[in-house]
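Okay, can everyone see the screen? Let me bring up the sequence and the structure, and then I'll talk you through them.

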Amino acid sequence: MPLPDTMFCAQQIHIPPELPDILKQFTKAAIRTQPTDVLQWSAGYFSALSRGDPLPVKERVELPVATQKTDTGLTRGLLKVLHKQLAHKGTVDLKELQDKWKTLCLPVETLKFILKMDPVEDAVEWMKFFSLGCSALGGTLQSAMKHGCEILTEDPEGGPARIPFETFSYIFSYLSSLDQDRTESDTNLFLNHLEETVVARKNGMIGVSDFFIEDKKKFHPV
Amino acid sequence: MTSTVAESSPRPAGTYTFSSRPRALPCQRRRYRECFGSSEEEPIRYGNIMYDRRVIRGNTYALHSFPPTTQPDPIELQRQQEIKRKALARKRAREHLRLRSPEPVEGRKHVDVQTELYLEELADRIIEVDMECQTDAFLDRPPTPLFIPAKTGRDVATQILEGELFNFDIEVKPMLEVLVGKTIEQALLEVLEEEELAELRMHQQRFEELRNLELAEVQRLEEQERRHQKEKERRRQQQLAVLHKQNETSQKIAARAYAKIYLADLLPSVFGNLRDNGYFYDPIERDIEIGFLPWLMHEVDKTMEYQTVGRVVLDMMIRDVVENRLKMFEQLGVKESKSIPDENDKERKESLGTGAEQVIEDVNQQDSQQTNGSLEKKPSAEGKLSMERKPSAERKQSTEKDSLEKSASLEKKKSVEKVPSEEIEP
């Protein structure tokens, strides 16, 4: 209903019916995500919303953790958001990645730092970037794998974080290939051992408990 | 129309009290046409009490009060009738007594004459003039007109330009406040709730995980324990079995030893008994006993039989001889009897006959016995023959005479002697 030219009373003001809902969703997303630059993030949010892409919203409120080993500004929740947004593409353009990075109000230096570990030209394979992100979260290989499991899992939070073994082995082998201390044979041995136990009993899904404790027994802390 | 009379305190006689709820009496007269259906809905019309004919006007103290019971008393009725009659009679009387003008003189007639200024036509017939008057046809009650109060006050006019009355920013402010405020508040609440739920769930999951792990551990331990127990049990059973076996074996050994001692001298006694009973036989001896001796006996029997046969033949020969001799003697006897008395001869004959018959029979018997008794045992043969002879003697003759006996016995002895001699011979 087009607004009449002259309005006489407050009752004539018309509020679009979808507006409250949109506002509410936006507010909730903002509260959950807690962006440092609300404006930047809102722009990203609404453009993603208009395009129909996954939104740059964290699933759970993440309180700022003071015990992070490496203070990169990147948190697990943020990585998860990125994963949500970009996982459906196999390879991601650097430009797009940068955009998404900025939307989340993360420092660009961190991005550069991460990309330096495995330099690429234009596009980066998402899983590799993800693995690098995981390793940025946790200092050691084990903790990186743990983060990876917990981010990628479909199990409910707090439950056994399980991911398919292929994914796990891919991430693990990639990360260990970047690491100069480990040899490939070590990696293969470890993976084979895990595979036996996992594939037989647990339907091909590997959980955090399977490797996290084992690692301490078998290998010296990396 | 009912009137309820409440029986209150006993009234003093004569006073009239009537107690019922005051009620307006409906007015019968209708001003408008009766439209069917509405007459009942209308409330009962109240008539004006001032113009109601039923209401008593004037002084009421002197009025006769009707007793509450409207049953007319017969005495009262009678009295009233009398009063009426009396009144009537009085009226007639008065009429009768009223003064009239004297009667007219002869030839004259009284005429009534008007003496007013203007003559009036007096007619019997009253002048009637028909006048009609008609009310209007029944009209429906017109609807009550709207009550529009009369206009009071003063009219004043003014003009509003755009933007004067309504300022968007100001007006929208409360709305915005509500909108945004509520939104934020709601969003916050919802987020909090969701967070809380998610946290709870996470805790639950963690707890479940731990519990599962612990359960697995517990189960493992239980399994282990169970296996240990089983193992122990098995070993124990084994041990028990071994012990048991040992026990049995020792018992068996003891029993065997004892039995051996017990039966040590059983054997010789057994053997001795057996030997005594002839179970251990010399085969040759046995063979002789079994094979040779029966044959020997058989041969002996045969020999004896031959002898018997010989004897029988001999006996037959003797018998023939005896018979011949008997015949000869009989013939002799017959010849002699003619000279000797009959009885003795007869007796002799009889005795001889009978004796001879006896002898013959005895001999026959012997023969038969001997032929039958060839297989009888040696020591008892004599006794038997003698025993048989005795009953045969008793059987045949109930009355035996000495001569008979003698002759018989003589013959018997002969035969008996012969027999033993025959018997002794082999």
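**Salt bridges, core and interface**

Let's start with a small one: Glu125(A) pairs up with Lys128(A) in a salt bridge, and their closest N and O atoms are 3.9 Å apart. Before I go on, keep in mind that this is a predicted model. The cut-off for a salt bridge is 4 Å between the nitrogen and the carboxyl oxygen, so at 3.9 Å this pair still counts. As for the surroundings, Glu125(A) is partly exposed at 32% relative accessible area, and Lys128(A) is partly exposed too, at 26%.

Next pair, still in chain A. Glu150(A) has a salt bridge to Lys146(A), with 3.6 Å between the closest N and O atoms. Both residues sit in helix H7 of chain A, four residues apart, so about one turn of the helix. Glu150(A) comes out at 23% relative accessible area, which is partly exposed, and Lys146(A) at 26%, again partly exposed.

Over in chain B there's a similar kind of story. The side chains of Glu233(B) and Arg236(B) form a salt bridge at 3.0 Å, N to O. Why are those two about one helical turn apart? Because they are three residues apart in helix H2 of chain B, which covers residues 168-262. Glu233(B) has 35% relative accessibility and is partly exposed, while Arg236(B) is partly exposed with 47%. Over all chains, the salt-bridge count comes to 21.

Okay, zooming out to the fold of chain A. You're looking at 10 helices and four strands. Going along the sequence, the pattern reads α-α-α-β-α-α-β-α-α-β-α-α-β-α. Chain A has 222 residues, and 43% of them count as buried. For the contact-map people: take the contacts in chain A between residues at least 6 apart in sequence, and 58% of them join residues at least 24 apart.

So what's inside? The largest nonpolar core has 44 residues, and the ones with the most contacts inside it are Trp126(A), Phe129(A), Phe130(A) and Phe168(A). Several helices of chain A give two or more residues to this core, including H3 (76-86), H6 (126-137), H8 (165-178) and H10 (208-218). Which helix gives the largest share of this core? That's H6(A), with eight residues.

Let me stay on Phe168(A) for a second. Leaving out residues up to four places away in sequence, Phe168(A) touches Met145(A), Cys149(A), Ile163(A), Leu191(A), Leu194(A), Ile206(A) and Phe211(A). Apart from the 44-residue core there's another core, of seven residues, with Phe26(A), Ala30(A), Val57(A) and Cys105(A) among them.

Now for the interface. Here 23 residues of chain A are in contact with 24 residues of chain B. Between them the two chains bury about 2200 Å², and 69% of that is on carbon and sulfur atoms. On the chain A side, Ile13(A), Lys28(A) and Arg60(A) lose the most area to chain B, together 24% of what that side buries.

How many salt bridges cross between chain A and chain B? Four, by the rule used here. There are also four residue pairs in polar contact across the interface, both residues at pLDDT 80 or more. If you sort the chain A side that touches chain B by class, you get 13 nonpolar, four polar and six charged residues.

One cross-chain pair to click on is Lys24(A) with Glu190(B), whose side chains meet in a salt bridge at 2.6 Å, N to O. Lys24(A) and Glu190(B) belong to a network of salt bridges that also links Lys28(A), Arg32(A) and Glu194(B). And Lys28(A) you've met already, as one of the residues that lose the most area to chain B.

Last stop, Val61(A). You'll find it in the loop between helix H2 (38-51) and H3 of chain A. Is Val61(A) buried or partly exposed? Its relative accessible area is 24%, so partly exposed. Leaving out residues up to four places away in sequence, Val61(A) touches Ile31(A) and Arg32(A) in its own chain, plus Val191(B) and Glu195(B) across in chain B. One more distance while you're there: the C-alpha atoms of Val61(A) and Gly77(A) are 8.4 Å apart, with their positions 16 residues apart along the chain.

That's my tour, and I'm happy to take questions.

Key:
Residues numbered from 1 in each chain as written. Chains lettered and ligands numbered in written order. Predicted model: local features only at pLDDT ≥ 70, side-chain atom pairs only at ≥ 80, totals over all residues. Heavy atoms only, no water. Contact = heavy atoms within 4.5 Å. Buried area = accessible area lost by both parts, 1.4 Å probe. Polar contact = N/O pair within 3.5 Å; in protein donor to acceptor, adjacent residues only side chain to side chain. Nonpolar A, V, L, I, M, F, W, Y, C, P; charged D, E, K, R; others polar. Core = buried A, V, L, I, M, F, W, Y, C linked by side-chain atoms within 4.5 Å. Buried < 20%, exposed > 50% of the residue type's maximum accessible area, 1.4 Å probe, protein only.
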